[in-house]
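Grab a coffee and open your viewer: here is a short set of exercises to work through at your own pace. Try each task before reading its solution.

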Amino acid sequence: MRFTILSSVVLVPLGALGAPTPLSETTVEARQARPAKPKPCQPLVPAPTEEETLARHYKFANAFIVAKNITEAFTYISQGYVNHNPAAQNGFDSAWNILSPIWGSQNITPLKTAFKSPQGWLNYQSGSFGTIVDRFRWEGGCIAEHWDQGEKFPTNVNSTACSRTTCGGT
């Protein structure tokens, strides 16, 4: 009997170690709110036509500035992505680490998009950053380069107005 009581006293606290520990709501919410990181875009072989790249540009524009789906948008960005913004490093991972934590909470108003192979432009307003013109160079169906410092929306290419529901030819 003495052994039973003694073993109960010793074993009960050890059983608590096997019980699941409650996670705080903040930890669960943070993990659920974090967007899923996609794999970088792999160049298409054979390379897409100009029309196919235009369609990919529109899909990227819709994901990035209309739906604000950073995960889908980043499926169009290559691993070796060159970022010409002096405040950012090159590479898919660097861009993901900068944008993914904040993108979903941005107040974005899509304005217009344009494409003239091999480059595409996005023009939008952000409550945090003002009016933005992003220029992207496409290569093999993927975004290979990006500029956003002092960019002007081109006047010599056809552009398409964006709305809250679509941007481009989709």
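The exercises below concern a predicted model, and each task is followed by a worked solution.

**Exercise 1. Describe the overall makeup of the protein.**

Solution.
- Step 1: Start with the elements; there are five helices and six strands.
- Step 2: Put them in sequence order, which gives α-α-α-α-β-α-β-β-β-β-β.
- Step 3: Turn to burial; 38% of the 170 residues count as buried.
- Step 4: Look at the surface, where about 10,300 Å² is exposed and carbon and sulfur atoms supply 56% of that area.
- Step 5: Finish with contacts. Taking those with a separation of 6 or more, 59% are between residues 24 or more positions apart.

**Exercise 2. Examine helix α3 (50-66).**

Solution.
- Step 1: Count its residues; α3 has 17.
- Step 2: The expected span is 1.5 Å times one less than the number of residues, so for α3 the expected value is 24 Å.
- Step 3: Compare this with the model, in which α3 reaches 23 Å from its first C-alpha to its last, close to expectation.
- Step 4: Check burial, using under 20% relative accessible area as the cut-off. Buried residues of α3 include T53, R56, H57, Y58 and F60, and further along A61, N62, A63, F64, I65 and V66 are buried too.
- Step 5: Look just past the helix, where α3 is followed by K68 with a positive phi, near 55°.

**Exercise 3. Find the nonpolar cores and say which elements build the largest one.**

Solution.
- Step 1: Recall that nonpolar side chains in soluble globular proteins tend to be buried together.
- Step 2: Locate the largest nonpolar core, which has 26 residues. The residues with the most contacts inside this core are F60, F64, I65, L122, Y124 and I143.
- Step 3: Assign elements; α3, α4 (70-73), β1 (77-83), α5 (92-99), β2 (108-116), β3 (119-126) and β4 (130-139) each supply at least two residues. Of these, α3 gives the most, with six residues.
- Step 4: Zoom in on L122, whose contacts beyond four places in sequence include H57, F60, A61, F64 and I65, as well as I132, V133 and F136.
- Step 5: Note a second, separate core of five residues, among them A114, V133, F153 and V157.

**Exercise 4. Which strands pair with β2, and how do they run?**

Solution.
- Step 1: Pair β2 with β3; the two run antiparallel and are joined by eight bridges.
- Step 2: Trace the connection, a hairpin through two residues, and place P110 opposite Y124 in β3.
- Step 3: Add β6 (residues 159-161), which is antiparallel to β2 and joined to it by three bridges. Here A114 has S159 as its bridge partner.

Definitions and conventions
Residues numbered from 1 in each chain as written. Predicted model: local features only at pLDDT ≥ 70, side-chain atom pairs only at ≥ 80, totals over all residues. Heavy atoms only, no water. Helix = DSSP H or I, 4+ residues; strand = E, 2+ residues; numbered from the N terminus. Buried < 20%, exposed > 50% of the residue type's maximum accessible area, 1.4 Å probe, protein only. Contact = heavy atoms within 4.5 Å. Areas by Shrake-Rupley, 256 points an atom, 1.4 Å probe, with all protein chains shown as cover. Core = buried A, V, L, I, M, F, W, Y, C linked by side-chain atoms within 4.5 Å. Pairing = 2+ DSSP bridges.
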